[in-house]
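Visitor: Could you take a close look at one part of this model for me, the stretch where the chain begins? I'd like to know how far to trust it and how it sits within the rest.

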Amino acid sequence: MCVAIPALGLTTKLAGGLFLGSLGLTAATGLAERSAAQAAADQTYQSSLIANRSAEQAFAVQQEGLAAQLKETRASKAQEKQAATIRGLQAKGAIQASGRAGLTVDLLLADQQRQTANFRESINQTLESASRQYGRNVKGLTAQRDNRRNQLTSNINQAYNQIPSLGSVLLNTATQGLTSLVALS
């Protein structure tokens, strides 16, 4: 049922019907686009939630791996320190068992203690270096995880920013209506 719209200057049924049809199609298209953009944004959000959980799990697994590696390094170096101490004590015992006395024996004992202490200090420095490297690696993993999170947040924001507002849909419909009105007049 098409009606004439005299207030707008559309006095024929055909012009009034075309105007209303055009207006309706523009509004329906705008609302459909809005709905599709909302669905796409919701899908992006859901995908980002899954990706964030994956990033958190990867972070946890990698951090556990680094912690296990540091623990193994510490255990290995502790064994090396113990072995160095035992070798030092054995060498000291061998020097004392030689039956020698005097300044030469004291120098040999002091040299053996120095060598053992130097080796143990070298092991301690290696452990400290491994601990510092662990900290740097964890910071790198944290930065990588945070970068992934930021990218996901950006994707979500971008998807939701693509949704036309209801006001813009209505404004576009009104603009198209005026364009159609001018064309039909």
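**The start of the chain, in context**

Guide: Happy to. This is a predicted model, so let's begin with confidence: the protein averages a pLDDT of 86, and 90% of the residues score at least 70. The part you're asking about is another story. Over residues 1–8, pLDDT stays under 50. The model still gives that stretch twelve contacts beyond four places in sequence, but go easy on them. Where pLDDT is low, the predicted coordinates shouldn't be read in detail.

Now for the rest of the chain. The protein has three helices and zero strands, and reading along the sequence you get α-α-α. Among the parts of the protein, helix H2 (residues 103–161) has the highest confidence, with a mean of 92, while helix H3 (residues 166–184) has the lowest, at 79.

As for overall form, a compact globule of 185 residues would have a radius of gyration near 16 Å, whereas this protein comes in at 40 Å. The C-alpha trace spans about 130 × 20 × 15 Å along its principal axes. Just 19% of the 185 residues count as buried. Even so, look at contacts between residues at least 6 apart in sequence: 80% of them join residues at least 24 apart.

On the outside, the accessible surface comes to about 12400 Å², with 57% of that belonging to carbon and sulfur atoms. And the charges? There are 18 positive and 11 negative ones, and their mean positions lie 1 Å apart.

Terms used: Residues are numbered from 1 along each chain as its sequence is written. This is a predicted model: local features need pLDDT of at least 70, side-chain atom pairs count only at pLDDT 80 or more; totals for chains, interfaces and linings use all residues. Side-chain values use heavy atoms; hydrogens and water are left out. Helices (H or I, at least four residues) and strands (E, at least two) are DSSP runs, numbered from the N terminus. The radius of gyration is taken over C-alpha atoms; the globule rule is 2.2 Å times the number of residues to the power 0.38. Buried means under 20% relative accessible area, exposed over 50%, partly exposed in between (1.4 Å probe, protein chains only). Contact means heavy atoms within 4.5 Å. Accessible areas come from the Shrake-Rupley method with a 1.4 Å probe; for residues, only the protein chains shown count as cover. Lys and Arg count as positive and Asp and Glu as negative; His and the chain ends are not counted. The place of a charge is taken as NZ of Lys, CZ of Arg, CG of Asp or CD of Glu. pLDDT is the predictor's confidence in each residue, from 0 to 100.
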